[in-house]
Amino acid sequence: MKHRTFLEYRRYRYLKVATLLALISIFVYAGYTFPVGRYGGTAVGYVLGTISALLVVWLMWLGVQKRRYKANVSGIQGWLSAHVYIGGALIVVATLHAGFQVGWNIHTLAYVLMLIVIFSGFFGVFAYLRFPALMTANMGEETLDSLVQKIADLDREIRRTAMSMSDEINAVAMESIKNTRIGGGVFAQFLHRPSNCPTKRAAIFLERIGKTLKGDQQKQNRDLYSLMLRKEKWVDRARADVRFKALLDLWLYLHVPVSFALLAALAAHIISVFFYW
């Protein structure tokens, strides 16, 4: 049986609902005669604005409700499907409510925040549909902890091999052991292959200097170079795993705080319309 994602929930139930909502909004907007121009303060603007505000509150309520569906796969799939498709329809409804009018004011701020929330949510959908498969392909049966442990074991082998070699080669090997980092700060987590990686530099150096060595020194260098290449491969895999996890979390760091900022801006938008216009 083909696996169905939450986007296909109940034969695209919420895609149909969202499409119908968007089409009705477009027909109402197109069929309305605007007496003094198209903007949110007209009768149809108020109707579409009310629908938009209710949708924002409802979508945020769905975000809270998600916690109640942890043990119910069908429930959480329905929540996700509705959240994505109705959120997409909200772009159409809110844009028509504004009558395509923007300016430097609280109304446009609310609109922009809404777009940031929705598009960050779209990225979240992409991330959760795409990245888990990539993470599995990258790590296989390994975990990040087990891979880090293997790298540590390999470092000990690199240290033993480099101890009997020249000071220059030993220094390069020690640099790789001491200064190779996996993860770290926010920016570092998104770098899969940083150009200044000590392990990468060590591998390049060993390959270059190996061409100048002879006999046992060349054999030792070749063994160390093989170990360094293996470490570089494992470090790349570990960094890729950290990067995928960081990307999975990134949209939430934007989506959730901006959602609450949107709620505040929406309240300010409504108050300013009804009390100051």
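This is a short dialogue on reading helix α8, the loop after it and a surface patch in a predicted model.

Me: What should I know about the model and its numbering?
Reply: The model is predicted: local features need pLDDT of at least 70, side-chain atom pairs count only at pLDDT 80 or more, and totals for chains, interfaces and linings use all residues. Residues are numbered from 1 along each chain as its sequence is written, and side-chain values use heavy atoms, with hydrogens and water left out.

Me: Which residues of α8 are buried?
Reply: An α-helix has 3.6 residues a turn, so residues three or four places apart point the same way. Buried means under 20% relative accessible area, exposed over 50%, partly exposed in between (1.4 Å probe, protein chains only). In α8, the buried residues are P198, T199, A202, A203, F205, L206, I209 and G210. They lie on the same side of α8, because they cover an arc of only 165° around the axis (the arc is that of the directions from the helix axis to the C-beta atoms).

Me: Is T212, in the loop between α8 and α9, buried or exposed?
Reply: T212 counts as exposed because its relative accessibility is 56%. Its side chain reaches the backbone oxygen of I209 at 2.7 Å.

Me: Which helix gives the most to the nonpolar patch?
Reply: Patches are made of residues with over 30% relative accessible area and no salt bridge (a side-chain nitrogen of Lys or Arg within 4 Å of a carboxyl oxygen of Asp or Glu); nonpolar side chains (Val, Leu, Ile, Met, Phe, Trp, Tyr) are joined within 5 Å, like charges within 9 Å. Here V57, Y128, L252, V256, F260 and L263 form the patch, with about 510 Å² of accessible area together. Helix α9 (residues 215-276) gives the most, with four residues. L252 lies in α9 and, at 33% relative accessibility, counts as partly exposed.

Key. Accessible areas come from the Shrake-Rupley method with a 1.4 Å probe; for residues, only the protein chains shown count as cover. Helices (H or I, at least four residues) and strands (E, at least two) are DSSP runs, numbered from the N terminus. A polar contact is a pair of N or O atoms within 3.5 Å; within protein, one must be able to donate a hydrogen and the other to accept it, and residues adjacent in sequence count only if both atoms are side-chain atoms.
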